[in-house]
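Reader: Hello! I have this structure open at my bench and would love a close look at one part of it. Could you walk me through the nonpolar core and what lies around it?

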Amino acid sequence: GYEKKNEKTGVEFKSFAEIMTMLNHTYVDVVKMDVEGYEWHWIHKEPETIHRVGQLLIELHIEGLNEREYPGESAVSFVERLEAKDLRMFHKEVNHEYPHLCTELSFIQKEWEEWDEKKYNFTPLKLRL
């Protein structure tokens, strides 16, 4: 799971599913995610939340990916995981400050025209704590 509290800063963390549940959301229309490498944890540990996002704007960190935790992963496999959940990439932009470390990616639901109808049929998340 996630590190629940940063011992150095005392900052407490919540997973995406926890935040959705806390706010009583079954879907989110647009998510902007810049979580400094934790996007890898999200995609592996919370796959049930991915299809509940209409549009995803994400900064993908490539450099320093923990090979022990996620062996064989790459930017391509990250995109493939999202596409398997019906998200399609529509924009890519290199991070000009750190081009070898991360890139900005934008995704939208494959069937965007049907999103308004589909999103109201999601059931509440069942958290595994």
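Author: Happy to; what follows starts in the core and then moves out to the surface and the charged pairs. Please keep in mind that this is a predicted model.

Let's begin inside. The largest nonpolar core holds 22 residues, and those with the most contacts within it are Trp-42, Leu-56, Ile-58, Leu-82 and Phe-107. As general background, nonpolar side chains tend to be buried together in soluble globular proteins. Here, at least two core residues come from each of α1 (16-22), β1 (28-33), α2 (39-45), β2 (53-61), α4 (75-84) and β4 (102-109). The most is given by β2, which supplies four residues.

Ile-58 is a good place to zoom in. Leaving aside residues up to four places away in sequence, Ile-58 touches Met-33, Glu-39, Trp-42, Phe-78, Thr-103, Glu-104, Leu-105 and Phe-107.

One of those neighbours, Phe-78, leads us to helix α4. Buried residues in α4 are Ser-77, Phe-78, Val-79 and Leu-82. Their cover includes α2, α3 (47-50), β2, β3 (87-94) and β4. Just after α4, the backbone at Asp-86 takes a positive phi of about 70°.

A charged pair also involves this region: Arg-81 forms a salt bridge with Glu-73, with their closest N and O atoms 2.9 Å apart. Arg-81 counts as partly exposed because its relative accessible area is 35%, whereas Glu-73, at 12%, is buried.

Now to the surface. Ile-19 sits in helix α1, and together with Met-22 and Leu-23 it makes a nonpolar surface patch of about 280 Å². Ile-19 has 34% relative accessibility, so it counts as partly exposed.

Finally, look at Lys-119. The model has four salt bridges in total, and one of them joins Lys-119 to Asp-29, with the closest N and O atoms 3.0 Å apart. This pair links distant parts of the chain: Lys-119 lies in the segment after α5 (112-118) and Asp-29 in strand β1, 90 residues apart. Lys-119 counts as buried because its relative accessibility is 5%, while Asp-29, at 30%, counts as partly exposed. Lys-119 also meets the side chain of Asp-116 in a salt bridge, at 3.0 Å from N to O. Through shared partners, Asp-29, Asp-116 and Lys-119 form one salt-bridge network.

How values were computed:
Residues are numbered from 1 along each chain as its sequence is written. This is a predicted model: local features need pLDDT of at least 70, side-chain atom pairs count only at pLDDT 80 or more; totals for chains, interfaces and linings use all residues. Side-chain values use heavy atoms; hydrogens and water are left out. A nonpolar core is a set of buried Ala, Val, Leu, Ile, Met, Phe, Trp, Tyr and Cys residues joined through side-chain atoms within 4.5 Å. Buried means under 20% relative accessible area, exposed over 50%, partly exposed in between (1.4 Å probe, protein chains only). Contact means heavy atoms within 4.5 Å. Patches are made of residues with over 30% relative accessible area and no salt bridge: like charges are joined within 9 Å, nonpolar side chains (Val, Leu, Ile, Met, Phe, Trp, Tyr) within 5 Å. Accessible areas come from the Shrake-Rupley method with a 1.4 Å probe; for residues, only the protein chains shown count as cover.
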